[in-house]
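Open the model in your viewer and keep the selection tool at hand. Each stop below says what to select and what is there.

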Amino acid sequence: MKTKNLFSFILLCVVCISCSDDSVEKEKDVIVTIYEETGFGGSVMSNVLTEPLLFSDTDNKEVRTLTDIITEGTDIYEEYERGYRYTYKAKKIWMDPPPMDVSNVKYVFSDLISKEKIITKDSISDLTLNLESVSILFCPRFPYEYQDNGLLKYYEAMYVNIDGTNEWRGIIDIEGFDYVEGYDYKLKVREKINADPYSRSYSLIEVISKDEI
């Protein structure tokens, strides 16, 4: 009798757990903003750094990279053009159990609400850059670049920090500068941004320092 009661108790617990709200996907309707400039970083599953989309939503207004996050519905990557800011209707879904190696939150995109040209004027600015002594494997995005065989193109790129900030970039080329691995550099460069079509380029003004590592 005791064994039967114990079995009934265990069965009841299993049923209660399976019916618990904690085991069901929770969701919320949000408005997602995709920003006019991309970020920098990579997936935890890859050694390739790239230019992920920057986004926020009405549930979390912090601007962050859309990295290792599942997206479904409207193909926001296909629609995206750098220089434009987008807003979409979406469902924000908390997955339980969470998948491995990606966020426990996914977004299901539906209607495009707006697409606004934000970068409308060409600009020129001078930056001080710190270059690391080791290059990175870098895949540019938006637009993507492809090899003759149709596969994405990868570059050995400079790993660059904008002096005085926490902002990092992968830069393939700086006009007038020859990068050599094994040295840390500090450079003064001129950054040119063309608004339409969007492009960004760099040219060397001065090598401030070059230190062998």
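A residue counts as buried when its relative accessible area is under 20%. By that cut-off, 33% of the 213 residues in the protein chain are buried. The model is predicted.

**Stop 1: the whole chain**

Colour by secondary structure. The protein chain shows 2 helices and 13 strands. Now turn on contacts. Take those with a separation of 6 or more: 62% of them link residues 24 or more positions apart.

**Stop 2: β1, β6 and β7**

Select residues 26-34 for strand β1 and residues 84-94 for strand β6. The two pair in the antiparallel sense, over 9 bridges. To find the register, pick Glu27, which stands opposite Ile93 in β6.

Add residues 105-117, strand β7. β7 and β6 run antiparallel and are joined by 10 bridges. Here the marker is Arg85, with Glu116 of β7 opposite.

Stay in strand β6 and select Thr87. Is Thr87 buried or exposed? Its relative accessible area is 15%, which is under the 20% cut-off, so Thr87 is buried. Which side chain does Thr87 meet in a polar contact? The partner is Ser114, at 2.5 Å. Expand the selection around Thr87, leaving aside neighbours within four places in sequence. Its contacts are then Ile31, Val32, Thr33, Asp111, Leu112, Ile113 and Ser114.

**Stop 3: the loop between β6 and β7**

Two residues here deserve a click. Pro97 lies in the loop between β6 and β7. The peptide bond from Asp96 to Pro97 is cis, with omega near 5°. Asp101 lies in the loop between β6 and β7 as well. Its phi is near 70°, a positive value in a residue other than glycine. What is the background for such flags? Most residues other than glycine have a negative phi, and most peptide bonds are trans. Asp101 is partly exposed, because its relative accessible area of 42% falls between the 20% and 50% cut-offs.

**Stop 4: β2, β9 and β10**

Select residues 49-50, strand β2, together with residues 136-139, strand β9. This pair runs in the parallel sense, over 2 bridges. Thr50 stands opposite Cys139 in β9.

Next, bring in residues 155-162, strand β10. β10 and β9 run antiparallel, with 3 bridges between them. Use Ile136 to check the register: Ala157 in β10 stands opposite.

Move into the loop between β9 and β10 and select Phe142. Phi of Phe142 is near 55°, a positive value in a residue other than glycine. Is Phe142 buried or exposed? At 8% relative accessibility it is under the 20% cut-off, so Phe142 counts as buried.

**Stop 5: Arg169 in β11**

Select residues 168-171, strand β11, and pick Arg169 within it. Arg169 has a relative accessibility of 15%, under the 20% cut-off, and therefore counts as buried. Which side chain makes a polar contact with that of Arg169? Tyr202 does, at 2.7 Å. Now show everything Arg169 touches, not counting residues up to four places away in sequence. The list is Phe40, Leu127, Met158, Tyr159, Val160, Ile162, Glu191, Arg200 and Tyr202.

**Stop 6: the largest pocket**

Switch on a pocket surface. The largest pocket has a volume of about 710 Å³. Which of its 26 lining residues are the closest to the centre? Select Glu51, Arg82, Gly170, Arg200 and Tyr202. Arg200 and Tyr202 were both in the contact list of Arg169.

Which strand gives the most to the lining of the largest pocket? β13 does, with 5 residues. β11 and β13 (198-212) each supply at least two lining residues. Colour the lining by class: 10 residues are nonpolar, 6 polar and 10 charged.

**Stop 7: a second cis bond**

Finish at Pro197, in the loop between β12 (183-195) and β13. The peptide bond from Asp196 to Pro197 is cis, with omega near -5°. To review, centre the view on Asp96 and Pro97, whose bond is also cis, with omega near 5°.

Conventions:
Residues are numbered from 1 along each chain as its sequence is written. This is a predicted model: local features need pLDDT of at least 70, side-chain atom pairs count only at pLDDT 80 or more; totals for chains, interfaces and linings use all residues. Side-chain values use heavy atoms; hydrogens and water are left out. Helices (H or I, at least four residues) and strands (E, at least two) are DSSP runs, numbered from the N terminus. Buried means under 20% relative accessible area, exposed over 50%, partly exposed in between (1.4 Å probe, protein chains only). A polar contact is a pair of N or O atoms within 3.5 Å; within protein, one must be able to donate a hydrogen and the other to accept it, and residues adjacent in sequence count only if both atoms are side-chain atoms. Contact means heavy atoms within 4.5 Å. Two strands pair if DSSP finds at least two bridges between them. On a 1 Å grid over the protein atoms alone, a cavity is a set of points where a 1.4 Å probe fits but cannot get out, and a pocket is an open set with protein on both sides within 12 Å along at least five of seven lines; lining residues have an atom within 4 Å of a point. Grid points are joined across faces, edges and corners, and a volume is the space filled by probe spheres set on the points. Ala, Val, Leu, Ile, Met, Phe, Trp, Tyr, Cys and Pro count as nonpolar, Asp, Glu, Lys and Arg as charged, and the others, Gly among them, as polar.
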